[in-house]
Amino acid sequence: MSLSTNPFPNDADRSAIWTMLVPRDIKAFVNADWAMVEDDFIADDFMGINGNKNDNPDGWTISYPTLAQYRDEWLRQAAEGQKVVYAEDQEAGIHRATSLTEIEITGERAIAHKKFNGEIALADGSKDVLNWQTLYFCRKVDGQWKLTGFVGYLPYPMGSAASPAMRA
């Protein structure tokens with residue numbers, strides 16, 4: 001059972017992508033259980049870009065050229081999260097902070113826009129602030145949506161209104 005509502009109940013493709021990237025991903029991360037998500041990836045077609053919280057693409061890096069490197073970092077972050085003492089349910093807090101309402105699908109390819117914007121109360125009275133966004137790249141293989149990569153750790157919101165140079 002998901003702690004958030006699927007915004008695509010009547011769209012099988014978007015619903016499948018949302019389910020992969022929201023309830024399954026969050027539960028796996030909170031439980032530090034890679035096995036829950038490992039089949040969601042196309043390993044030989046994977047690349048993860050780290051936006052380094054920078055809205056200028058010149059500052060982005062290929063931090064995860066292989067799925068194995070991403071998996072190791074994902075597991076490290078998940079293990080670190082398990083050491084944190086929360087004053088509320090971590091999984092519910094991540095769901096509350098997560099939004100995935102924009103998914104573009106063209107043929108067998110998709111881009112999903114996942115945003116994190118919220119806080120989870122910590123036992124010491126402080127807050128764990130979630131504030132970034134990720135673009136996930138998906139491909140449909142044998143009727144199933146799979147992840148081929150992402151551009152993540154981007155600022156949210158990103159940039160400001162188009163500058164004069166952007167209008168040219």
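**Exercise 1. Find the surroundings of lysine 115.**
Task: Work out which residues lysine 115 is in contact with, leaving aside its neighbours within four places in sequence, and decide whether lysine 115 is buried or exposed.

Solution, step by step:
- Keep in mind that you are looking at a predicted model.
- Start with the contacts: beyond its close sequence neighbours, lysine 115 meets Ala97, Thr98, Ser99, Glu102, Trp132, Gln133 and Tyr156.
- Next, place the residue in its element: lysine 115 belongs to strand S4, which covers residues 109–121.
- Take one partner and look at the backbone: lysine 115 and serine 99 are 16 residues apart along the chain, yet their C-alpha atoms are separated by 5.1 Å.
- Finish with the accessibility: lysine 115 has a relative accessible area of 14%, so it is buried, because the cut-off for buried is under 20%.

**Exercise 2. Look at helix H3 and what covers it.**
Task: Find how many residues of H3 are buried and which elements cover them.

Solution, step by step:
- Helix H3 runs over residues 90–97, and six of its eight residues are buried, which leaves the helix mostly covered.
- The buried ones are Gln90, Glu91, Gly93, Ile94, His95 and Ala97.
- Their cover includes two helices, H1 (12–31) and H2 (67–83), together with strands S3 (98–106), S4 and S5 (127–141).
- Now zoom in on glutamate 91, a residue of H3. Its relative accessible area is 13%, so glutamate 91 counts as buried.
- Setting aside residues within four places in sequence, glutamate 91 is in contact with Leu3, Ile26, Lys27 and Val30.
- For a sense of distance, try glutamate 91 and asparagine 31: they are 60 residues apart in sequence and 9.2 Å apart in space, C-alpha to C-alpha.

**Exercise 3. Follow the aromatic rings.**
Task: Decide how the rings of tryptophan 34 and phenylalanine 41 are arranged, and find which residues the ring pairs link into a cluster.

Solution, step by step:
- Begin with the count: there are 13 aromatic pairs.
- In one of them, the ring centres of tryptophan 34 and phenylalanine 41 are 5.2 Å apart and the planes stand at 15°, so this pair is stacked. The reasoning works because planes under 30 degrees apart count as stacked.
- Check the accessibility of both partners. Tryptophan 34 is buried at 9% relative accessible area, and phenylalanine 41 is buried at 13%.
- Then widen the view: ring pairs join Phe29, Trp34, Phe41, Phe46, Tyr64, Tyr70, Trp74, Tyr136 and Phe150 into a cluster.

**Exercise 4. Take a walk through strand S6 and its flanking loops.**
Task: Find which backbone feature aspartate 142 shows, where threonine 148 sits, and what kind of peptide bond leads from tyrosine 156 to proline 157.

Solution, step by step:
- Aspartate 142 is in the loop between S5 and S6. Its phi is near 50°, a positive value in a residue other than glycine. With a relative accessibility of 79%, aspartate 142 is exposed.
- Move into strand S6, residues 144–154, where you will find threonine 148. Threonine 148 is buried, at 9% relative accessibility.
- Not counting residues up to four places away in sequence, threonine 148 touches Ile42, Asp45, Phe46, Met47, Arg109, Phe137, Cys138 and Arg139.
- Tyrosine 153 also lies in S6, and although it is not a glycine, it has a positive phi of about 55°. Its relative accessible area of 21% makes tyrosine 153 partly exposed.
- Last stop: proline 157, in the loop between S6 and helix H4 (164–167). The peptide bond from tyrosine 156 to this proline is cis, with omega near -5°.

**Exercise 5. Step back to the whole chain.**
Task: Find the order of helices and strands, and why the radius of gyration agrees with a compact globule.

Solution, step by step:
- The protein chain has four helices and six strands, in the order α-β-β-α-α-β-β-β-β-α.
- For 168 residues, a compact globule would have a radius of gyration near 15 Å; the protein chain has 16 Å, so the two agree.
- The C-alpha trace spans about 50 × 45 × 35 Å along its principal axes.
- Buried residues make up 37% of the 168.
- Among contacts with a separation of 6 or more, 55% come from residues 24 or more positions apart.
- Finally, count charges: there are 16 positive and 24 negative side chains, and the centres of the two sets are 2 Å apart.

Terms used:
Residues numbered from 1 in each chain as written. Predicted model: local features only at pLDDT ≥ 70, side-chain atom pairs only at ≥ 80, totals over all residues. Heavy atoms only, no water. Rg over C-alpha atoms; globule rule 2.2 N^0.38 Å. Buried < 20%, exposed > 50% of the residue type's maximum accessible area, 1.4 Å probe, protein only. Contact = heavy atoms within 4.5 Å. Lys, Arg positive; Asp, Glu negative; His and termini not counted. Charge placed at Lys NZ, Arg CZ, Asp CG, Glu CD. Phe/Tyr/Trp six-rings, centres within 6.5 Å; stacked < 30°, edge-to-face > 60°.
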